[in-house]
Amino acid sequence: MPVIVTANPKGGAGKSTLTLVLAQTLASMGGSVTVIDADPNRPIVDWRSGSSKLDFDVIDDPKESSIIRQIREEQSKKQFVFVDLEGTASRLVSRAITQADLVLIPLQASGVDARQASRAVDLIHEEEEALGNRSIQFRVVLTRTNPAIKTRIEREILSSLTAAELPILRTALHERQAYKAMFVRRLGIQELDPSEVNGLSEAQKNAEMLADELLEILKPETETEVAA
Ligand SMILES: Nc1ncnc2c1ncn2[C@@H]1O[C@H](COP(=O)(O)OP(=O)(O)O)[C@@H](O)[C@H]1O
Ligand SMILES: [Mg+2]
């Protein structure tokens, strides 16, 4: 079943946040999910050590020598396998990308330009070449966007991505307190207390839209329907 890898050579782009939001949303929809946490800070391993009732597995500390085997093993058992990568190019990153059905490239919609996403795309193209030109699907995902308005910088980023012909997800991951609170509380966004977290239901809706768009892209790969 599909392997979804989040990659962007820049740290702080929102890889771990995007991975956890998608993994928990699919798990709460009834999907079977594994996250392989290859971020050196292990944010999702840390999250899993909390009291969340959400049912999905997290694999800690994959090694360069074992990452491909671990991905394949999980892929044979689960509907969705996520790999949350580190923010630098490495052999582990390359190997994980070779196994991906879809690479998500989160890009912060503030103060950066499309060149950063292009570097991540270059990395994917190098792996495609190494694989004898098997094509690896990818999408840029804008993160930390303002939920109320499309800012000037966001419009500029969107137009430079479009000019570079990079495919972009329709749904952006908005800047939301809930996406920080889930790490602090070690709970799913469905488990957070609405009286403590501003805009919680909007954050949940945003996550569902993102998961729906992901399912749409992965449709040919996803044999079993996830019960909504
Ligand atoms: N959509 C979002 N809303 C609010 N905060 C976010 C969002 N995405 C990322 N952040 C914050 O930005 C920082 C970097 O995000 P992270 O997911 O750890 O990036 P990466 O894994 O690419 O290094 C973290 O402090 C995280 O809480
Ligand atoms: Mg990370």
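**View 1. Protein donors of the magnesium ion (ligand 2) in the predicted model.** The magnesium ion (ligand 2) has Ser-16 (OG) and Asp-39 (OD) as its protein donors, at 2.0 to 2.1 Å. These two residues join distant parts of the chain, being 23 residues apart. Ser-16 belongs to helix H1 (residues 15–28), whereas Asp-39 lies in the loop between strand E2 (33–37) and helix H2 (43–48). Both Ser-16 and Asp-39 are buried. The coordinates shown here and in the following views come from a predicted model.

**View 2. Surroundings of ligand 1.** There are 14 residues around ligand 1, and those that come nearest are Gly-12, Lys-15, Ser-16, Thr-17 and His-174. Ser-16 is also a protein donor of the magnesium ion (ligand 2). A polar backbone atom of Gly-12 lies 2.7 Å from an oxygen atom of ligand 1. For Thr-17, an N or O atom of the side chain is 2.6 Å from an oxygen atom of ligand 1. A nitrogen atom of ligand 1 is placed 3.4 Å from an N or O atom in the side chain of Lys-180.

**View 3. The environment of Gln-99.** Gln-99 is located in the loop between helix H4 (91–98) and strand E5 (102–108). With a relative accessible area of 13%, which falls under the 20% limit, Gln-99 counts as buried. Its side chain makes a polar contact with the side chain of Arg-72 at 3.1 Å. A further polar contact, at 3.1 Å, joins the side chains of Gln-99 and Thr-98. When neighbours within four places in sequence are left aside, Gln-99 is in contact with Val-3, Ile-68, Ile-71, Arg-72 and Arg-134. Arg-72 thus appears both in this list of contacts and as a polar partner of the Gln-99 side chain.

**View 4. Helix H6 and its two faces.** Helix H6 comprises twelve residues (152–163). At 1.5 Å a residue the expected span is 16 Å, and the end C-alpha atoms are 16 Å apart, so the two values agree. Within H6, Glu-154, Ile-157 and Leu-161 are buried. These three residues lie on the same side of H6, because they cover an arc of only 60 degrees around the axis. In an α-helix there are 3.6 residues a turn, so residues three or four places apart point the same way. The face of H6 turned away from the buried side bears the exposed residues Arg-152, Thr-162 and Ala-163. Glu-165, which follows H6, has a positive phi, near 55 degrees.

How values were computed:
Residues numbered from 1 in each chain as written. Chains lettered and ligands numbered in written order. Predicted model: local features only at pLDDT ≥ 70, side-chain atom pairs only at ≥ 80, totals over all residues. Heavy atoms only, no water. Donors = N, O, S within 2.8 Å, 3.2 Å for Na, K, Ca; no water. Helix = DSSP H or I, 4+ residues; strand = E, 2+ residues; numbered from the N terminus. Buried < 20%, exposed > 50% of the residue type's maximum accessible area, 1.4 Å probe, protein only. Polar contact = N/O pair within 3.5 Å; in protein donor to acceptor, adjacent residues only side chain to side chain. Contact = heavy atoms within 4.5 Å. Expected span 1.5 Å × (residues − 1). Arc of directions from axis to C-beta. Near = heavy atom within 4 Å.
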